[in-house]
Amino acid sequence: MFISLSSIRMTVRVEPGSPMSQELGELVITTVRDYDLSDTPQLLLSVYISVAMMGVIHTYFQFTQ
(Lines give C-alpha, C1' and ligand atoms only; values in the text may rest on other atoms or scores of the structure.)
Protein backbone atom coordinates (compact mmCIF):
# COMPACT_ATOMS: atom_id res chain seq x y z
CA MET A 1 0.00 0.00 0.00
CA PHE A 2 1.33 3.39 -1.00
CA ILE A 3 0.95 6.25 1.48
CA SER A 4 1.91 9.67 0.22
CA LEU A 5 3.62 12.20 2.43
CA SER A 6 0.69 14.59 2.17
CA SER A 7 -1.64 12.06 3.84
CA ILE A 8 0.58 11.72 6.92
CA ARG A 9 1.40 15.41 7.23
CA MET A 10 0.24 16.90 10.51
CA THR A 11 -2.23 19.76 10.28
CA VAL A 12 -3.48 22.16 12.93
CA ARG A 13 -7.01 23.51 12.82
CA VAL A 14 -9.43 25.18 15.19
CA GLU A 15 -12.83 23.59 15.64
CA PRO A 16 -15.44 26.30 16.10
CA GLY A 17 -17.03 26.68 19.49
CA SER A 18 -20.73 26.90 20.23
CA PRO A 19 -22.26 29.98 18.57
CA MET A 20 -24.19 30.95 21.72
CA SER A 21 -21.24 30.79 24.12
CA GLN A 22 -18.22 32.99 24.58
CA GLU A 23 -15.81 30.04 24.44
CA LEU A 24 -13.16 29.98 21.78
CA GLY A 25 -12.69 27.07 19.44
CA GLU A 26 -10.69 23.99 20.33
CA LEU A 27 -7.25 23.45 18.78
CA VAL A 28 -7.04 20.07 16.99
CA ILE A 29 -3.86 18.51 15.66
CA THR A 30 -4.47 15.68 13.20
CA THR A 31 -3.23 14.17 9.96
CA VAL A 32 -4.85 14.82 6.60
CA ARG A 33 -5.85 11.14 6.35
CA ASP A 34 -7.54 11.10 9.77
CA TYR A 35 -9.42 14.30 8.98
CA ASP A 36 -10.67 12.86 5.68
CA LEU A 37 -11.74 9.60 7.34
CA SER A 38 -13.63 11.44 10.08
CA ASP A 39 -15.44 13.59 7.49
CA THR A 40 -16.52 10.70 5.24
CA PRO A 41 -19.77 9.70 7.06
CA GLN A 42 -21.12 13.25 6.82
CA LEU A 43 -20.36 13.40 3.10
CA LEU A 44 -22.00 10.03 2.46
CA LEU A 45 -25.10 11.11 4.36
CA SER A 46 -25.45 14.21 2.19
CA VAL A 47 -25.15 12.08 -0.96
CA TYR A 48 -27.79 9.61 0.29
CA ILE A 49 -30.21 12.42 1.15
CA SER A 50 -29.71 14.03 -2.28
CA VAL A 51 -30.37 10.73 -4.08
CA ALA A 52 -33.46 10.11 -1.94
CA MET A 53 -34.83 13.58 -2.73
CA MET A 54 -34.28 13.07 -6.45
CA GLY A 55 -36.01 9.69 -6.22
CA VAL A 56 -39.05 11.23 -4.52
CA ILE A 57 -39.25 14.03 -7.06
CA HIS A 58 -39.04 11.65 -10.02
CA THR A 59 -41.25 8.80 -8.75
CA TYR A 60 -43.80 10.35 -6.38
CA PHE A 61 -44.32 13.67 -8.16
CA GLN A 62 -43.57 12.19 -11.61
CA PHE A 63 -41.54 15.26 -12.52
CA THR A 64 -39.02 15.03 -15.36
CA GLN A 65 -37.55 17.61 -17.68
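This passage describes the strands, the surface patch and the side-chain contacts of the protein.

The structure is a predicted model, in which local features need pLDDT of at least 70 and side-chain atom pairs count only at pLDDT 80 or more, while totals for chains, interfaces and linings use all residues. Residues are numbered from 1 along each chain as its sequence is written, and side-chain values use heavy atoms, with hydrogens and water left out. The mean pLDDT (the predictor's confidence in each residue, from 0 to 100) of the protein is 87, and 92% of its residues reach 70 or more. Among the elements (DSSP runs numbered from the N terminus: helices, H or I, of at least four residues, and strands, E, of at least two), helix α1, residues 32-59, has the highest mean pLDDT at 93, and β1 has the lowest at 88.

We can turn next to the strands. β1 and β2 run antiparallel and are joined by six bridges; two strands pair if DSSP finds at least two bridges between them. Within this pairing, Arg13 stands opposite Val28 in β2. Of the six residues of β1, zero are buried, and the strand is hardly covered. Here buried means under 20% relative accessible area, exposed over 50%, and partly exposed in between (1.4 Å probe, protein chains only).

A nonpolar patch lies on the surface, formed by Met10, Val12, Val14, Leu27 and Ile29, which together offer about 530 Å² of accessible area. Such areas come from the Shrake-Rupley method with a 1.4 Å probe, and for residues only the protein chains shown count as cover. Patches are made of residues with over 30% relative accessible area and no salt bridge; like charges are joined within 9 Å and nonpolar side chains (Val, Leu, Ile, Met, Phe, Trp, Tyr) within 5 Å. At least two patch residues come from each of β1 (10-15) and β2 (26-31), with β1 giving the largest share, three residues. Leu27, found in strand β2, counts as exposed because its relative accessibility is 54%.

Charged contacts come next. One salt bridge is counted, the criterion being a side-chain nitrogen of Lys or Arg within 4 Å of a carboxyl oxygen of Asp or Glu. The side chains of Arg13 and Glu15 form this contact, at 3.5 Å from N to O. With a relative accessible area of 27%, Arg13 is partly exposed, and Glu15 is partly exposed at 32%.

Finally, the whole structure holds one aromatic pair. Tyr60 and Phe61 meet edge-to-face, with 5.1 Å centre to centre and 75° between the planes. Rings of Phe, Tyr and Trp (its six-membered ring) pair if their centres lie within 6.5 Å; planes under 30 degrees apart count as stacked, over 60 as edge-to-face and the rest as tilted. Both Tyr60 and Phe61 are exposed.
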